[in-house]
Each structure stands twice: as C-alpha cells, then as structure tokens.
Amino acid sequence: MPNFHTQTLKPLSYPCTYNETTFSYEAHSKRGNKLVMASMQGEQLLIRIHQKEDGVLLVKGDKVTRPTQASFLQKVLMDFRDLSEAKEIFSNIEPKKFLHVKHSPYLKEIEFFATHFDVEREIWVEIGFGSGRHLLHQAKKHPHIQFIGLEIHKPSIEQVLKQCELQNIENILVIDYDARLFMEFLPSNVVGRIFVHFPVPWDKKPHRRVFSAAFIEEALRVLHVKGTLELRTDSPLYFEFSFGQMMLLSRSDVHVKKNAELEITSKYEDRWRKMEKDIYDVILTNEITAEPIPKLGTLHFDEEVDFSKIRDAFKDDLLRGDGFFVHFEELFEIDDKSGLIRLSFGANERNEKCFIQIQEGKVTYLPETILATKNNSAAHNLIKEWFHGICD
C-alpha cells in the first residue's frame with residue numbers, strides 16, 4: 001500500500017485545499033491513531049496516521065476507504081505530504097507516475113450495480129479474475145456479452161483496467177467487491193456463465209471460501225436455464241468440497257472433468273501444469289427458472305444522535321444476533337459534536353467493514369453505500385438500538 005514515513009507533520013487548519021485535494025477534518029482516537037478526511041474528483045478517503053514505537057509517523061490510506069485505483073491514493077498522499085511539509089524518511093510513492101489521475105470508465109462502484117445497472121444483454125461473470133487473461137480473452141471472443149469481473153486484489157484490477165483501455169475492450173465492467181455479497185442483488189435469470197477459476201482454497205478456514213450452499217443457491221437464481229456455474233481448481237480438497245455441496249441439491253446437473261485443455265490459461269494454471277498438478281473442473285448447469293426478486297436498497301439512519309454521549313459510553317464491543325454480528329472497534333473524535341466509529345458487521349461468514357460518521361447529530365455510513373441484505377439489515381437495526389440505548 002502507498003505510504004511514507006516522517007518525523008513531523010505541520011498542523012493543518014481544516015478545511016483546506018492543496019492542488020486537487022480537499023482535506024476536511026482530522027479525527028483522533030484514544031489509542032493515539034489519527035484519521036484525515038480527504039477528497040479528490042469525487043473520491044472520498046481517509047488517511048491514517050500511526051505513530052510507531054520509535055516515534056516515527058507512518059502515513060497511509062485507511063483500508064476501509066482505500067480507492068480501487070491506487071493513483072487516487074498516491075496523489076492524495078503526495079498532496080498531504082507537501083501541504084504538511086513532511087520530511088520523508090521513507091516513501092514508496094512514485095511521484096512522476098501519478099501527476100495526472102482519472103477515473104476508469106470500466107471500473108464501477110457497488111452503488112452503480114445497486115441503483116443504475118440495467119440488464120440489456122446476457123451477462124457472464126468471472127469471480128477472482130487475477131491476471132485477467134481469461135476475462136480479457138472471453139470478452140474479446142464474445143463482444144455481444146456483458147462481462148462483470150470481480151476481484152479484490154487491487155494491482156490485478158489496475159492491470160485489467162489498463163488492458164481494457166489499451167485493447168479497446170468495451171464489454172467489461174470491473175468491481176472490487178465480495179462476490180458472495182454481489183450475487184445477492186443480481187437480477188434473476190440474466191447470467192449465462194459464472195467462472196470461478198483457481199479460487200483461494202482456504203483449507204484451514206473453509207468458511208472463507210467463495211463456494212457454499214448459499215453461494216450455489218444464489219448462482220442458480222441468477223443463471224438462466226442452461227446457464228452454468230464453472231469451477232476450475234488445482235486443489236483436490238476444494239474440488240471435493242464444491243462437488244459435495246452441489247450433490248446436496250435436490251436436483252442438479254453436474255459434470256466433472258480432469259486436466260481439460262482450455263483456449264486460454266491463467267498464470268496459476270501454467271505454474272501448476274509445470275509442477276504436473278492435476279486440474280479439476282466442476283460444471284453445474286441450471287435447469288430451473290427462478291422467481292424475480294426486488295432490487296436491494298441501501299441502509300441509512302433517520303434519527304440524529306448525540307456524539308458526546310456516544311463518545312463517553314464507547315468501548316470496543318461485540319454484539320451477536322442469529323447469524324449476524326456488530327463489532328464496534330474504535331472511536332475517533334473530530335470535535336465535541338462530531339466523530340467516526342470504525343466497525344464491522346453483517347453475516348458471520350461475510351461482513352462489511354466501514355465507518356459510521358456522526359456530524360452535528362447526523363449519522364451516515366462511510367462508504368455511503370451499504371446494501372440492505374438480510375443480515376446487514378438485522379445488524380443495522382442492532383446498531384440503531386445501540387444508539388438509542390445510549391442517547392435516550
């Protein structure tokens with residue numbers, strides 16, 4: 001992650017603007033951590049300042065609000081460094097590379113899919129596209145198909161976005177998001193193929209796998225009749241697990257292949273083949289038309305809260321419900337009436353990480369778009385009850 005180390009930072013008077021970046025406020029926690037709110041070209045992100053044991057300040061982007069395109073974070077950090085007159089001890093920022101930054105038209109935020117995405121043609125989805133070889137090959141071969149590529153490894157995303165522009169590929173949309181959550185708000189019966197090639201096996205933490213009974217159920221809902229869910233893996237354990245999950249279905253059409261040749265291979269597959277490892281394919285074909293589902297909305301707070309009461313009562317706290325949880329992790333104070341709460345919440349096996357921003361009584365999520373899935377909604381109600389119990 002882009003960062004720099006410095007001995008000192010000149011105090012800033014907020015709000016302030018330097019080049020393209022506006023810095024809105026600074027927030028402090030009792031643990032000694034600091035956050036600075038920054039925005040540029042519509043991107044809103046937090047800079048985290050952490051004092052190390054030797055007194056050196058580490059300045060980097062906060063993971064929760066880190067933008068997918070690293071160029072935005074790099075430029076914001078450069079502006080903050082220069083404005084605060086930091087004398088760098090160490091930096092991995094490349095200034096010449098990020099003099100000009102812009103949004104990629106191929107990269108979309110979850111809000112786009114939640115509110116603006118219209119299905120005009122058949123969709124194919126690739127989950128965890130890695131280097132992008134397979135995704136780019138399929139998109140060029142099938143220009144009439146709308147491809148959606150999901151990936152959380154930001155350098156891989158940057159690489160695919162660059163190739164889309166260089167090769168003028170216009171039928172790919174990329175999103176940095178958890179595939180298990182993303183599937184929940186795709187419309188029913190609109191997807192032709194779902195590719196899951198060489199997912200992380202998570203043999204010691206199977207709950208983190210993409211494949212589960214719930215994931216397969218959602219995949220069958222979004223697939224049209226004769227649409228396919230296609231797993232390709234070098235892990236015998238992952239193959240056996242996924243095949244077993246498919247066999248639990250009351251009705252299924254499953255085909256298994258071993259060491260099948262594809263038109264295009266990933267760098268991982270090239271590596272496995274050199275090691276003479278076996279490659280397994282499991283292909284599940286959907287046979288049922290699913291019922292339509294309403295679009296998922298987003299979560300928001302209607303009532304105002306008293307930040308001073310929240311601040312005085314706050315503690316690191318974990319609340320659990322039936323299949324969901326809320327973990328209040330850290331509170332940051334901007335002033336007597338405003339602050340941030342870092343938290344994670346939602347389903348036990350897949351959850352949201354975000355901030356709650358409280359300014360003059362108004363409460364919002366940061367990032368703003370948190371989808372109203374069943375478990376997210378239940379956790380959101382628990383958060384509101386927690387606020388109510390403290391402020392009343």
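**Notes on a predicted model**

1. Strand β9 (residues 146-150) pairs with β10 in the parallel sense, over four bridges, and one of the pairings to look for is that of Ile-148 with its bridge partner in β10, Leu-173. Please keep in mind throughout that this is a predicted model.

2. Which residues of β10 are buried on its two faces? Ile-172 and Val-174 lie on one side and Leu-173 and Ile-175 on the other, and since all four are buried, both faces of the strand are covered. It helps to recall that in a regular strand the side chains alternate between the two faces of the sheet.

3. Helix α4 (residues 154-166) has 13 residues, which at 1.5 Å a residue should span 18 Å, and its end C-alpha atoms are indeed 18 Å apart, so the expected and the computed values agree. The buried residues of this helix are Lys-154, Ser-156, Ile-157, Val-160, Leu-161 and Cys-164. Seen down the axis of α4, these buried residues fall within an arc of 155 degrees, and therefore they line one face of the helix. On the other side of α4, Pro-155, Lys-162 and Leu-166 are exposed.

4. What covers the buried residues of α4? The cover includes α3 (133-141) and β10 (172-175), the latter being the strand that pairs with β9. After α4 comes Asn-168, which has a positive phi, near 55 degrees.

5. Strand β4 (residues 34-40) has partners that deserve a careful look. Strand β3 (residues 21-29) pairs with β4 in the antiparallel sense over six bridges, with Ser-39 of β4 as the bridge partner of Thr-22. Seven bridges join β4 to strand β5 (residues 43-51), and these two strands also run antiparallel; here the bridge partner of Met-37 is Leu-46 in β5. Five of the seven residues of β4 are buried, which means that this strand is largely enclosed by the rest of the structure.

6. The turns beside β4 can be described in the same careful way. The hairpin of β3 and β4 has four residues between the strands, and Gly-32 in this hairpin takes a positive phi near 95 degrees. The hairpin of β4 and β5 has two residues between the strands, and Gln-41 in its turn has a positive phi of about 50 degrees.

7. The structure holds 18 aromatic pairs, and one of them is formed by Phe-301 and Tyr-365, whose rings are tilted, at 4.9 Å centre to centre with 40 degrees between the planes. Because Phe-301 lies in the loop between β14 (280-285) and α9 (307-313) while Tyr-365 belongs to strand β19 (residues 362-366), the pair ties together parts that are 64 residues apart in sequence. Both Phe-301 and Tyr-365 are buried, and they belong to one aromatic cluster, together with Phe-314, Phe-328, Phe-345, Trp-386 and Phe-387.

8. Charged side chains also lie over rings in this model: Lys-108 lies over the face of Phe-112, at 4.8 Å from the ring centre, and the charged end of Arg-208 sits over the ring of Trp-202, 4.2 Å from its centre.

9. His-5, in strand β1 (residues 3-6), counts as buried at 15% relative accessibility, and its contacts beyond its neighbours within four places in sequence include Lys-52, Val-56, Glu-88 and Phe-90. Gln-245, in helix α7 (residues 236-247), is buried with a relative accessible area of 17%, and, with neighbours within four places in sequence left aside, Gln-245 is in contact with Ser-212, Ala-213 and Ile-216.

Conventions:
Residues are numbered from 1 along each chain as its sequence is written. This is a predicted model: local features need pLDDT of at least 70, side-chain atom pairs count only at pLDDT 80 or more; totals for chains, interfaces and linings use all residues. Side-chain values use heavy atoms; hydrogens and water are left out. Rings of Phe, Tyr and Trp (its six-membered ring) pair if their centres lie within 6.5 Å; planes under 30 degrees apart count as stacked, over 60 as edge-to-face and the rest as tilted. Buried means under 20% relative accessible area, exposed over 50%, partly exposed in between (1.4 Å probe, protein chains only). A charge sits over a ring if NZ of Lys or CZ of Arg is within 6 Å of the ring centre and within 35 degrees of the ring normal. The expected span of a helix is 1.5 Å times one less than its number of residues. The arc is that of the directions from the helix axis to the C-beta atoms. Contact means heavy atoms within 4.5 Å. Two strands pair if DSSP finds at least two bridges between them.
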